[in-house]
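User: Could you walk me through this model? I'd like to go over the pocket and then the sheet.

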Amino acid sequence: MEKSICIVSTKKLSLQLKQQVMSANFSIYDEDFIAIQNKEFVLDRLNEFTIFTSKNALESVLVNKDIAQIKTKKCFCVGEKTKGLLSSNGFEIEKNSEYAAELASVICNQYSKSSFTFFCGNLRRDILPEALLLAKIKFDEVDVYETILTPYKLDFIPNGVLFFSPSGAESFMKENSIEDEICFCIGKTTAEALKYVTPNIIIANHPTVESTIMKCIEYYKN
């Protein structure tokens, strides 16, 4: 009998997504390799536009006492999930991109005279702030959440691993080695964190959890 494909997800999946994997006759093990902790923050000032590159930052902002003031500003965001959460909470979206690099390009080329407040976490990527600094665009960073690595040692060797963030990849590798496993990454930034570790990297068609899972299923089914 053919051995079942074993997949590890570096974040907890919804029951629906787990069933999707199991329906393909794969076994799935999911664990949160990072934890998110909201931080209290005080706004000294708020610039012309706001920037959200993650849903985690937005979730922290939503419970802040200054939320009403923050919602008066149009925002720039990265990702469909972040865009959806912004819209459902009454924010007006000026621009949305799939990746921070794309958003940085839009801002630098079309909004160079504007000012921004960037809500981010302690492990935020350098791409966007470095681009704004280089273009001499006025912006403030507000640290609104902390990413905590929560490594977990596997006692088995999976066929494939689903990665959804660079910090998730970092946490996974603290306790586990990557050899022949196929690494399915939610996007280019996550793949970048693994490029010196393994050549076995496959990037999802779209930077969503659903697309990453579909890419994994398609790979083994083909």
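User: Which class of residue is the most numerous in the lining of the largest pocket: nonpolar, polar or charged?

Analyst: Keep in mind that this is a predicted model. The lining of the largest pocket has eleven charged residues and 16 polar ones. Against those stand 23 in the remaining class, which is nonpolar.

User: How much space lies in that largest pocket, and which residues are closest to its centre?

Analyst: The space comes to about 1,300 Å³. Several helices and strands each give at least two residues to the lining, including β3 (34–38), α2 (55–62) and α7 (166–175). Of the 50 lining residues, the closest to the centre are Thr53, Ser54, Asn56, Phe164 and Ser165.

User: On to the open sheet of five strands: which strands stand at its edges, and why is one side of each left without a neighbour?

Analyst: The order is β2-β1-β9-β10-β11, with parallel pairing. An edge strand here has a single partner, so one side is left without a neighbour in the sheet. The twist from one strand to the next averages 25 degrees. The two edge strands are β2 (26–30) and β11 (201–203).

User: Which residue in β10 stands opposite phenylalanine 163?

Analyst: Strands β9 (residues 160–163) and β10 (residues 182–185) run parallel and are joined by four bridges. Opposite phenylalanine 163 stands cysteine 185.

User: And at what angle does helix α9 run to β10?

Analyst: Helix α9 covers residues 209–221. This helix lies across β1 (5–9), β2, β9, β10 and β11. Relative to β10, helix α9 runs at about 145 degrees.

Methods: Residues are numbered from 1 along each chain as its sequence is written. This is a predicted model: local features need pLDDT of at least 70, side-chain atom pairs count only at pLDDT 80 or more; totals for chains, interfaces and linings use all residues. Side-chain values use heavy atoms; hydrogens and water are left out. On a 1 Å grid over the protein atoms alone, a cavity is a set of points where a 1.4 Å probe fits but cannot get out, and a pocket is an open set with protein on both sides within 12 Å along at least five of seven lines; lining residues have an atom within 4 Å of a point. Grid points are joined across faces, edges and corners, and a volume is the space filled by probe spheres set on the points. Ala, Val, Leu, Ile, Met, Phe, Trp, Tyr, Cys and Pro count as nonpolar, Asp, Glu, Lys and Arg as charged, and the others, Gly among them, as polar. Two strands pair if DSSP finds at least two bridges between them. Axes are lines fitted to C-alpha atoms, for helices over the stretch in contact, and angles run from 0 to 180 degrees between N-to-C directions. Contact means heavy atoms within 4.5 Å.
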